[in-house]
Amino acid sequence: MTDTTTPLIPTLDDIEQARVTIAGVARVTPMETSQFLAEVLGSPVHLKCENLQRTGAYKVRGAYNRLSTLTPEQRAAGVVAASAGNHAQGVALAARELGIPATIFTPVGVALPKLQATRHYGAEVVLRGHSVEEALSAAKDFAARTGAVFIPPFDHPAVIAGQGTLGLEILDQVPDADTVVVPIGGGGVIAGIALAVKGVAERLGRTIRVIGVQAENAAAYPSSLEAGEPVTVSTRPTIADGIAVARPGDLNFPIIRDLVDEIVTVSDDDVARSLLVLLERAKLVVEPAGAVGVAAIMSGAVRDTGRTVVLLSGGNIDPLMMERVITRGLVAASRYIGIRIMLPDRPGQLARVSQVISDAGANVVEVLHTRHGQGLVINEVALDLSIEARGPEHAQDVIHRLREVGFQPELLEH
């Protein structure tokens, strides 16, 4: 079944009560500092590591708080949710802790680690459809048919209040924070954090800015804010699939409209670069959706407004996806480049190219040498090289040296 009561915007008291409710389940996650990001932004930067939360994301906060409000009859009927990732695991763990039967509908193509984790927490997982929308429809049908309580991922007061406990923790750990940067999908976590930090700031007689970050390929909030109401946008594929939501939540929208100071967007290349920085500089594994705040700082979308806290909202990334994202990050940072050189088909040409690259201090990781292909003339070969470089300047130096000795390298898209 679904809620038929009129939704109410949570208060700061609701969020403080939620913190008491979830205290035995959700961890108080670490707050790290980043000297690298501080140098980029111009002010101290702190990272709220919710990627180290139980289930690997903040979602367990809202899920447990919502499930805790169920009556004995509702608990006996069980709960149902639809998700391809973090919400599924949050609901599954919360249901297990409270002894409530849980059924989770996921798309057929859900990542294996997320599927296994959700089952490990004790939920019954049903694979249905090829998109979250199809799984969502199936979950709502299940609720209507069985009486199970449907648990939405972001559009519910108790869910928002649970996520808002993050805002209280942030100010406990960084009391003098000036700005908080938060990923936005449907808007549950940023709505809760904004209510919390703005409420505490008002009590203290100070101001705190809240900035939301969306993936540019799935940015429903800018259009909705312009229209004055939630609107559905056409999303495009993005590596930040955890925040790829086509329509803002009805309850989340007015909170974000009234309390969030700015919303910016980032590209997939921005996100890939940020994941690489988090791995190399902070030694943190973060999923793409969880890293958009860092991407916003690195891309310049977030300006210096003082001491800044960035929420790393989750760390559930499939190893195969991580491999692809790291490669994309290396490409975006010009540390992995592809070039094509047309060569006369005679002995020694490949050795000459290799020597120039070696002398430049770069490393060849892959070679394709072919006489076959469109555009090739007789006695000509195409040489495609994948090269490791140390950054944009080094990559340009390699290309410059090749041109100096008479080759004409052409950059390839990876």
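## Starting with a definition

Here, a residue counts as buried when its relative accessible area is under 20%, as exposed when that area is over 50%, and as partly exposed in between. Tyr221 and Phe253 are both buried by this rule, and we will come back to them below.

## The chain as a whole

Welcome to this structure, which is a predicted model. The chain is built with 16 helices and 14 strands. Its C-alpha trace spans about 80 × 50 × 40 Å along the principal axes.

How much of the chain counts as buried? Of its 414 residues, the share is 55%. Contacts also link parts that lie apart in sequence: among those between residues at least 6 apart, 74% join residues at least 24 apart.

## A stacked pair of rings

The structure holds two aromatic pairs. One of them is formed by Tyr221 and Phe253, whose ring centres are 6.4 Å apart and whose planes meet at 20 degrees, so this pair is stacked. The reasoning rests on a cut-off: planes under 30 degrees apart count as stacked.

Where do the two partners sit? Tyr221 belongs to helix α10 and Phe253 to helix α11 (residues 252-259), so the pair ties together parts that are 32 residues apart in sequence.

## Asn217, just before helix α10

Asn217 is found in the loop between β8 (209-215) and α10 (220-227). Its relative accessibility is 14%, so Asn217 counts as buried.

What does the side chain of Asn217 reach? It comes to 2.8 Å from the backbone oxygen of Pro237. Beyond the neighbours within four places in sequence, Asn217 is in contact with Ser234, Thr235, Arg236, Pro237, Thr238 and Asp268. Asp268 appears again in the next section, as part of helix α12.

## Two helices that cross

Helix α12 (residues 268-282) and helix α14 (residues 319-332) have axes that come within 8 Å and cross at roughly 105 degrees. Therefore α12 is roughly perpendicular to α14, since angles of 65 to 115 degrees count that way.

Which residues make the contact? On the α12 side they are Asp268, Asp269, Ala272, Arg273, Leu275, Leu276 and Leu279, and α14 contributes Val325, Ile326, Arg328, Gly329, Leu330 and Ala332. Sorted by character, the residues of this contact are eight nonpolar, one polar and four charged.

## Two loop residues with positive phi

Most residues other than glycine have a negative phi. Two residues in this model are worth a look with that in mind. Thr55 has a phi near 70 degrees, a positive value in a residue other than glycine. Lys283 is not a glycine either, and its phi is positive at about 60 degrees.

Are these residues buried or exposed? Thr55, in the loop between β2 (45-49) and α3 (59-68), has 7% relative accessibility and so counts as buried. Lys283 lies in the loop between α12 and α13 (292-299). With 65% relative accessibility, Lys283 counts as exposed.

## Met342 in a strand

For a final stop, find Met342 in strand β11 (residues 336-344). Met342 has a relative accessible area of 34% and is therefore partly exposed.

How far apart are the C-alpha atoms of Met342 and Glu380? They are separated by 6.9 Å, although the two residues are 38 residues apart along the chain.

Methods: Residues are numbered from 1 along each chain as its sequence is written. Side-chain values use heavy atoms; hydrogens and water are left out. Helices (H or I, at least four residues) and strands (E, at least two) are DSSP runs, numbered from the N terminus. Buried means under 20% relative accessible area, exposed over 50%, partly exposed in between (1.4 Å probe, protein chains only). A polar contact is a pair of N or O atoms within 3.5 Å; within protein, one must be able to donate a hydrogen and the other to accept it, and residues adjacent in sequence count only if both atoms are side-chain atoms. Contact means heavy atoms within 4.5 Å. Rings of Phe, Tyr and Trp (its six-membered ring) pair if their centres lie within 6.5 Å; planes under 30 degrees apart count as stacked, over 60 as edge-to-face and the rest as tilted. Axes are lines fitted to C-alpha atoms, for helices over the stretch in contact, and angles run from 0 to 180 degrees between N-to-C directions. Angles under 35 degrees count as roughly parallel, over 145 as roughly antiparallel, 65 to 115 as roughly perpendicular and the rest as oblique. Ala, Val, Leu, Ile, Met, Phe, Trp, Tyr, Cys and Pro count as nonpolar, Asp, Glu, Lys and Arg as charged, and the others, Gly among them, as polar.
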